[in-house]
Amino acid sequence: MKLKGEKRESSDCDEGSKGKMTFLLALVALISAFGSSFQYGYNVSVINSPAPYMQDFYNRTYFNRTGVPMDSGFQTLLWSLTVSMYPLGGLFGSLMVWPMVNNCGRKGTLLINNLFSITAAILMGTSEIAKTFEVIILSRVIMGIYAGLASNVVPMFLGEISPKNLRGAMGIVPQLFISIGILVAQIFGLSSILGNVEGWPVLLGLTGIPSLIQLLILPFFPESPRYLLLQKGNEEEARQALQRLRGWDDVDDEIEEMRQEDRSEKEEGHFTVLSLCTFRGLRWQLISIIVMMMGQQLSGVNAVFYYADRIFQSAGVDGNNVQYVTVSIGAINVVMTLLAVFIVESLGRRVLLLAGFGLCCVSCAVLTLALNLQTTVSWMSYLSIVCVIVYIIGHAIGASPIPFLLITEMFLQSSRPAAFMVGGSVHWICNFTVGLVFLYMEAGLGAYSFLIFCAICLATIVYIFIIVPETKNKTFMEINRIMAKRNKVEIQGDKEELKDFHTVPGGQTEKKEFASIEL
């Protein structure tokens with residue numbers, strides 16, 4: 001037992017150094033997000049600008065092989081595959097999350113994942129020289145797998161290594177780098193830079209550089225202490241990793257919090273997706289992430305970007321300058337996501353979610369009106385521009401970054417990988433579905449498509465308001481207790497005494513219990 005004075009000193013340390021952003025913690029976040037999340041965003045928009053040149057390459061290659069021009073229907077099919085294989089690969093990547101993070105660790109999974117990106121970058125970069133368009137389509141699947149893993153593992157990794165008072169800000173860093181990736185691809189894709197007939201293979205191949213940097217630097221950083229302690233049962237390594245990340249020797253409080261988490265879930269063991277879906281104690285957490293992920297992707301963000309060009313053209317922007325307007329929208333996205341990093345710990349997750357989806361909902365409703373009236377009322381086209389900007393702001397501060405953060409916070413160690421696998425799969429299935437269905441929806445409904453997105457945003461707001469709790473500045477166990485009341489279950493760890501962990505020297509009791517979880 002600690003003396004009273006010692007305990008207060010430890011508490012002071014917890015208030016001070018442990019809650020601060022250390023240089024190492026910032027560096028881990030930077031390298032993880034730049035090496036992984038950045039490329040998810042980069043590959044979302046990298047093929048938009050050079051599309052005409054790539055389609056011409058498809059046509060020329062086909063003509064050189066067969067001696068006849070490519071049928072327009074076949075060319076449309078090939079281009080549709082080029083676009084849609086990315087989210088399909090993302091789904092495959094999400095399905096790999098659970099086995100990989102449990103067997104290879106969080107850091108290990110990110111390192112292995114880089115091999116997908118580097119392989120795809122080499123294939124895409126050399127596709128024109130090799131005169132084969134098939135490898136571009138194959139590479140889009142590979143990059144999708146990479147993005148599917150990265151979009152889930154980076155938030156999980158950063159959430160687990162962060163102190164509770166920085167977890168929100170750190171959880172939004174991946175989304176910040178996704179939006180930076182989109183912006184960089186838009187800038188490099190300008191016709192004056194690489195979005196031209198000579199530059200597009202280089203534009204596609206650049207995606208391998210961040211992976212190479214991460215592959216060289218990330219091995220020198222610590223693994224997730226929670227993974228080391230709760231899944232590997234190695235307290236010494238976990239303690240050393242925590243000490244490095246916090247810049248402080250006394251990490252007993254956090255180690256003890258992990259032990260409490262372990263005691264609360266030791267009876268269930270590690271969750272598979274099936275056991276997660278059937279376990280009553282996590283019912284509302286699971287429903288919540290599914291609703292938020294569906295809301296995130298089905299709220300019309302792809303449609304807004306799709307309509308953005310014609311909205312700006314109708315407002316009088318010259319066709320040649322629309323690409324610069326697209327870049328400016330990407331810049332707004334980055335700035336607002338950066339703002340979310342700084343305000344999430346003060347305003348909380350719920351406020352940003354409700355405000356974000358609220359802005360999206362109102363924007364979609366007004367945009368429907370503006371698009372239908374812009375031929376009769378001259379200033380409606382300017383109102384459309386305002387709606388697009390407001391929508392982007394709403395999505396950037398809430399709908400885009402917060403759902404992935406809440407998967408980290410609403411699930412404990414044993415269920416978190418399976419939860420990310422479910423959430424990630426829903427994310428990519430909805431992404432794929434919107435890409436597949438929207439063109440038909442737009443052809444049939446026109447501007448009224450946005451009313452459907454408005455209704456989805458509204459439904460998501462109602463659900464979040466009623467069900468989703470505030471998780472700001474709470475430990476994983478505190479959040480788990482809040483959700484346990486909603487699930488009407490008791491937490492195992494609350495019934496057990498802490499003395500089990502103090503009476504046995506050398507940490508033997510803990511290691512036995514950790515071993516029992518893995519069996």
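Is Leu 212 buried, exposed or partly exposed? Leu 212 is partly exposed, because its relative accessible area is 46%, where buried means under 20%, exposed means over 50% and partly exposed lies in between, with a 1.4 Å probe and protein chains only as cover. The model described here is a predicted one, in which local features need pLDDT of at least 70 and side-chain atom pairs count only at pLDDT 80 or more, while totals for chains, interfaces and linings use all residues. Residues are numbered from 1 along each chain as its sequence is written, and side-chain values use heavy atoms, with hydrogens and water left out.

## Surface patches

Leu 212 sits in helix α11, which covers residues 208–217; helices here are DSSP runs of H or I with at least four residues, numbered from the N terminus. Together with Ile 209, Ile 213, Leu 216 and Ile 217, Leu 212 makes a nonpolar surface patch of about 430 Å². Patches are made of residues with over 30% relative accessible area and no salt bridge, with nonpolar side chains (Val, Leu, Ile, Met, Phe, Trp, Tyr) joined within 5 Å and like charges joined within 9 Å. The accessible areas come from the Shrake-Rupley method with a 1.4 Å probe. As a general point, an α-helix has 3.6 residues a turn, so residues three or four places apart point the same way.

A positive surface patch is formed by Arg 280, Arg 283, Arg 486 and Lys 488. Lys and Arg count as positive and Asp and Glu as negative, while His and the chain ends are not counted, and the place of a charge is taken as NZ of Lys, CZ of Arg, CG of Asp or CD of Glu. Arg 486 belongs to helix α24 (residues 476–487) and counts as partly exposed, because its relative accessibility is 34%.

## Salt bridges

The structure holds 13 salt bridges, a salt bridge being a side-chain nitrogen of Lys or Arg within 4 Å of a carboxyl oxygen of Asp or Glu. Three of them are set out below.

| Salt bridge | N to O distance |
|---|---|
| Glu 409 and Arg 167 | 2.9 Å |
| Glu 257 and Arg 226 | 2.8 Å |
| Arg 246 and Glu 254 | 2.7 Å |

In the pair of Glu 409 and Arg 167, Glu 409 lies in helix α21 (residues 402–410) and Arg 167 in helix α9 (residues 167–188), so this salt bridge ties together parts that are 242 residues apart in sequence. Glu 409 is buried, with a relative accessible area of 0%, and Arg 167 also counts as buried, at 2% relative accessibility.

For the salt bridge between Glu 257 and Arg 226, the partners lie in helix α14 (residues 252–265) and helix α12 (residues 225–231) respectively, so the pair ties together parts that are 31 residues apart in sequence. Glu 257 and Arg 226 are both buried, and Arg 246 and Glu 254 are buried as well. In addition, Glu 235, Arg 239, Asp 252, Glu 256 and Arg 259 are joined into one network by salt bridges that share partners.

## Helix α8 and two loop residues

Helix α8 (residues 134–161) has 28 residues, and 26 of them are buried, so α8 is largely enclosed by the rest of the structure. The end C-alpha atoms of α8 are 40 Å apart, which agrees with the 40 Å that its residues should span at 1.5 Å a residue; the expected span is 1.5 Å times one less than the number of residues.

In the loop between α7 (127–130) and α8 lies Lys 131, whose phi is near 55°, a positive value in a residue other than glycine. Lys 131 is exposed, with a relative accessible area of 54%. Asn 473, in the loop between α23 (449–467) and α24, likewise has a positive phi, of about 60°, although it is not a glycine. Asn 473 is partly exposed, at a relative accessible area of 41%.

## Contacts across the sequence

Met 258 lies in helix α14 and is buried, with a relative accessible area of 2%. Its C-alpha atom is separated by 7.3 Å from that of Leu 230, and the two residues are 28 residues apart along the chain. Gly 205, in helix α10 (residues 200–205), is partly exposed, with a relative accessible area of 21%. Gly 205 and Leu 123 are 82 residues apart in sequence, and their C-alpha atoms are 7.8 Å apart in space.

Notes:
Helix = DSSP H or I, 4+ residues; strand = E, 2+ residues; numbered from the N terminus.
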